Amino acid sequence: MAPGNNTQISEFLLLGLSDEPELQPLTFGLFLSMYLIIVFGNLLIVLAVSSDSHLHTPMYFFLANLSFVDICFTSTTVPKMLLNIQTQSKVITYAGCITQMYFFTLFAGLDIFLLTVMAYDRFVAICCPLNYMVIMNPRLCGLLVLVSWITSVLHSLLESLMVLQLSFCTVLEIPHFFCELNQMIQFACSDTFLNNMVMYFGAMLLGGGPFIAILYSYYKIVSSIRGISSAQGKYKAFSTCVSHLSVVSLFYCTGLGVYLSSAATQSSHSSATASVVYTVVTPMLNPFIYSLRNKDMKGALMRRKGNTFAVLVGMQT
């Protein structure tokens with residue numbers, strides 16, 4: 001399936017978030033700062049979980065995977081955006097656009113699946129505390145992550161292969177800062193009926209299904225918390241879910257809102273602006289949400305900081 005047989009263009013133009021030249025330095029500085037926070041913040045979580053034995057539990061195993069995926073998720077879009085601003089170019093090649101779309105779809109799906117798995121983990125921890133370690137054993141945890149990867153890879157591959165069959169007859173200006181599946185299908189000049197059917201079916205199955213699972217998990221969690229007689233017990237149980245609920249609200253709800261609004265309206269610029277919330281802002285806030293609200297994570301980070309300081313002192317002496 002060579003691209004040249006199905007399209008008459010070799011590149012696209014990413015219009016970005018704004019056409020105002022005076023805003024480009026501000027946009028570059030803002031997104032560069034957020035990207036560095038995302039990479040170093042989430043990398044710190046991965047290192048803390050992998051190096052601290054106190055955090056070798058299912059909850060932190062899933063958190064480390066989520067942090068790694070968030071680094072990859074933003075790395076598919078932000079570096080290209082920063083490069084285009086720096087070089088004052090809006091061009092992205094056809095192959096580059098398809099590749100970016102593939103990895104964006106892949107890591108977005110992984111984010112959704114991992115958030116769902118984390119909701120299930122909290123459900124088991126609160127509703128079945130006595131059997132938690134039996135149910136959430138290392139084999140099941142690894143299997144859940146593996147299935148998430150396989151499903152996301154296959155879904156993203158299917159969507160990308162179907163886009164390769166489309167024809168783009170003119171120089172395509174994408175009113176976004178990255179190549180998004182929905183935008184690619186909208187601007188194709190060949191029949192996109194099958195692409196739309198697969199895209200919406202995938203959105204309902206891989207997006208709506210996990211969303212319903214998350215809602216059901218927290219419905220059962222709230223029901224269990226209400227049955228706890230101790231006020232302190234209720235607070236402790238609820239506090240363990242606050243971080244995950246915050247991330248779900250930011251990522252899942254804003255992402256769902258963007259796709260629903262894009263289906264109802266044709267305001268591509270507002271959709272691109274809103275996409276910043278779940279593509280950049282949420283991965284940036286994850287380290288703060290999980291580290292500042294979590295005593296175990298703060299303790300692990302402090303121990304790692306102390307160990308690093310001790311190593312530096314030893315090197316100097």
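## Notebook: a predicted helical chain

**Entry 1, a charged pair.** I began with D121, which is buried, since its relative accessible area is 1% and the cut-off for buried is under 20%. I note here that I am working from a predicted model. Which side chain does D121 meet in a salt bridge? I found R122 as the partner, with 2.8 Å from N to O. I then looked up R122 and saw that this residue is buried as well, because its relative accessible area is 8%. Side chains of opposite charge can pair when their charged atoms come close. I also asked how many salt bridges the structure holds, and the count is 1.

**Entry 2, the whole chain.** I next stepped back to the protein chain, where I counted 11 helices and 3 strands. Reading from the N terminus on, I wrote the order of elements as β-α-α-α-β-α-α-α-β-α-α-α-α-α. The chain has 317 residues, of which 45% count as buried.

**Entry 3, the record and two of its spans.** I looked in UniProt, where an unreviewed entry gives the feature "transmembrane region" at several places, among them residues 140-158 and 197-216. How much of residues 140-158 is helix, and how much is strand? In the model I found 100% helix and 0% strand for this span, with its end C-alpha atoms 27 Å apart. I repeated the check on residues 197-216, and there too I noted 100% helix and 0% strand, with 27 Å between the end C-alpha atoms.

**Entry 4, a nonpolar patch.** I then turned to the surface, where L143, L146, V147, I150 and L154 make a nonpolar patch of about 440 Å². I picked L154 for a closer look and placed this residue in helix 6, which covers residues 138-163. Is L154 buried or exposed? I recorded L154 as exposed, because its relative accessibility is 52% and the cut-off for exposed is over 50%.

**Entry 5, the cavities.** A search of the whole structure gave me 2 cavities of 30 Å³ or more. I followed up the second largest cavity, whose volume is about 30 Å³. Its lining is made by L66, D70, D111, L115, V247, F251, T282, P283 and N286. Which elements give two or more residues to this lining? I listed helix 2 (58-75), helix 4 (94-127), helix 9 (231-264) and helix 10 (268-292). The largest share comes from helix 10, which gives 3 residues to the lining of the second largest cavity.

**Entry 6, two pairs far apart along the chain.** I stayed with helix 10 for a moment, since V276 has its place there. V276 counts as buried because its relative accessible area is 11%. I compared its position with that of F177, which is 99 residues away along the chain, and found the two C-alpha atoms separated by 9.3 Å.

For the second pair I chose H54, which sits in the loop between helix 1 (24-51) and helix 2. H54 counts as exposed because its relative accessibility is 56%. What separates the C-alpha atoms of H54 and M297? I wrote down 9.2 Å in space, although these residues are 243 residues apart along the chain.

Notes
Residues are numbered from 1 along each chain as its sequence is written. This is a predicted model: local features need pLDDT of at least 70, side-chain atom pairs count only at pLDDT 80 or more; totals for chains, interfaces and linings use all residues. Side-chain values use heavy atoms; hydrogens and water are left out. Patches are made of residues with over 30% relative accessible area and no salt bridge: like charges are joined within 9 Å, nonpolar side chains (Val, Leu, Ile, Met, Phe, Trp, Tyr) within 5 Å. Accessible areas come from the Shrake-Rupley method with a 1.4 Å probe; for residues, only the protein chains shown count as cover. Helices (H or I, at least four residues) and strands (E, at least two) are DSSP runs, numbered from the N terminus. Buried means under 20% relative accessible area, exposed over 50%, partly exposed in between (1.4 Å probe, protein chains only). UniProt positions are given in the numbering used here, feature names are shortened, and annotations may be inferred rather than shown by experiment. On a 1 Å grid over the protein atoms alone, a cavity is a set of points where a 1.4 Å probe fits but cannot get out, and a pocket is an open set with protein on both sides within 12 Å along at least five of seven lines; lining residues have an atom within 4 Å of a point. Grid points are joined across faces, edges and corners, and a volume is the space filled by probe spheres set on the points.
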